[in-house]
Amino acid sequence: MRIRTALAATAAAGTLAVLAAAPAQATEYSSALKIKGVQYNAPGADSNSCTHGNTKNEYLTIKNYSHTATVNLKGYVVRDATSTNKYTFVHNHYLQPGDYVVLRGGHGTESDAKNVAYRQNCNFIWNNDEDTIRLYKPSGAHADTHSYTASHNDHDGNGYITFHG
């Protein structure tokens, strides 16, 4: 009986250790929209110049993981860790089940047909070393959140991290 009790206690402690070690970004929110991935470090030397910069090459991909529901992005908000940098989808942008949108830096025209939205801002939103990406529903409720560090999450060093496959 003592062996079973000891084994059960060891198994329970191991389960608690695994749960305690789970990262904050593992929290799942009730949203069909999820952050698929982020190009947090645009290729080349960072330049915020609107005419010659590379902020369009920094982007976030948001995907509709629902099998049945179409989701309108209007009112959704994307923020960084400090909430200093944020973007609100102000236009109707419909994502069919399995569809995605690429939110890019720089200036451009939103297009459902090309699955792209632009932040209309030439400043970078994501830090190159570490940051937290938060996606909020129009109601203000969390839709998805992911934290990253370049040294821990970007195994091939290309500046892109996948969160939901």
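Select strand S2 and look at its two faces: Tyr-59, Thr-61 and Lys-63 on one side, and Leu-60, Ile-62 and Asn-64 on the other, are all buried. Buried means under 20% relative accessible area, exposed means over 50%, and partly exposed lies in between, with a 1.4 Å probe and protein chains only. S2 covers residues 59–64, and 6 of its 6 residues are buried. Strands here are DSSP runs of E with at least two residues, numbered from the N terminus.

This is a predicted model, in which local features need pLDDT of at least 70 and side-chain atom pairs count only at pLDDT 80 or more, while totals for chains, interfaces and linings use all residues. Residues are numbered from 1 along each chain as its sequence is written, and side-chain values use heavy atoms, with hydrogens and water left out.

Next, add the strands that pair with S2; pairing requires that DSSP finds at least two bridges between two strands. Strand S1 (residues 33–39) is antiparallel to S2, with 6 bridges. Within this pair, Ile-35 is opposite Ile-62. Strand S7 (residues 100–104) also runs antiparallel to S2, joined by 5 bridges. There, Arg-104 is the bridge partner of Tyr-59.

Now select Asn-57, in the loop between S1 and S2. Asn-57 counts as partly exposed because its relative accessibility is 37%. Its contacts (heavy atoms within 4.5 Å) beyond four places in sequence are Gln-39, Ala-42, Pro-43 and Arg-104. Gln-39 is 18 residues from Asn-57 along the chain, with a C-alpha separation of 7.5 Å.

Then show the cavity. A cavity is a set of points on a 1 Å grid over the protein atoms alone where a 1.4 Å probe fits but cannot get out, and lining residues have an atom within 4 Å of a point. The model has 1 cavity of 30 Å³ or more, and the largest has a volume of about 40 Å³. Select Glu-58, Tyr-59, Leu-103, Arg-119, Ile-125 and Trp-126 to display the lining of the largest cavity.

Finally, go to Thr-132 in strand S9 (residues 130–136). Is this residue buried or exposed? Thr-132 is buried, because its relative accessible area is 12%. Its side chain makes a polar contact of 2.8 Å with that of Ser-147. A polar contact is a pair of N or O atoms within 3.5 Å; within protein, one must be able to donate a hydrogen and the other to accept it, and residues adjacent in sequence count only if both atoms are side-chain atoms. Beyond four places in sequence, Thr-132 has contacts including Arg-79, Asp-80, Trp-126 and His-146.

Technical notes: Helices (H or I, at least four residues) and strands (E, at least two) are DSSP runs, numbered from the N terminus. On a 1 Å grid over the protein atoms alone, a cavity is a set of points where a 1.4 Å probe fits but cannot get out, and a pocket is an open set with protein on both sides within 12 Å along at least five of seven lines; lining residues have an atom within 4 Å of a point. Grid points are joined across faces, edges and corners, and a volume is the space filled by probe spheres set on the points.
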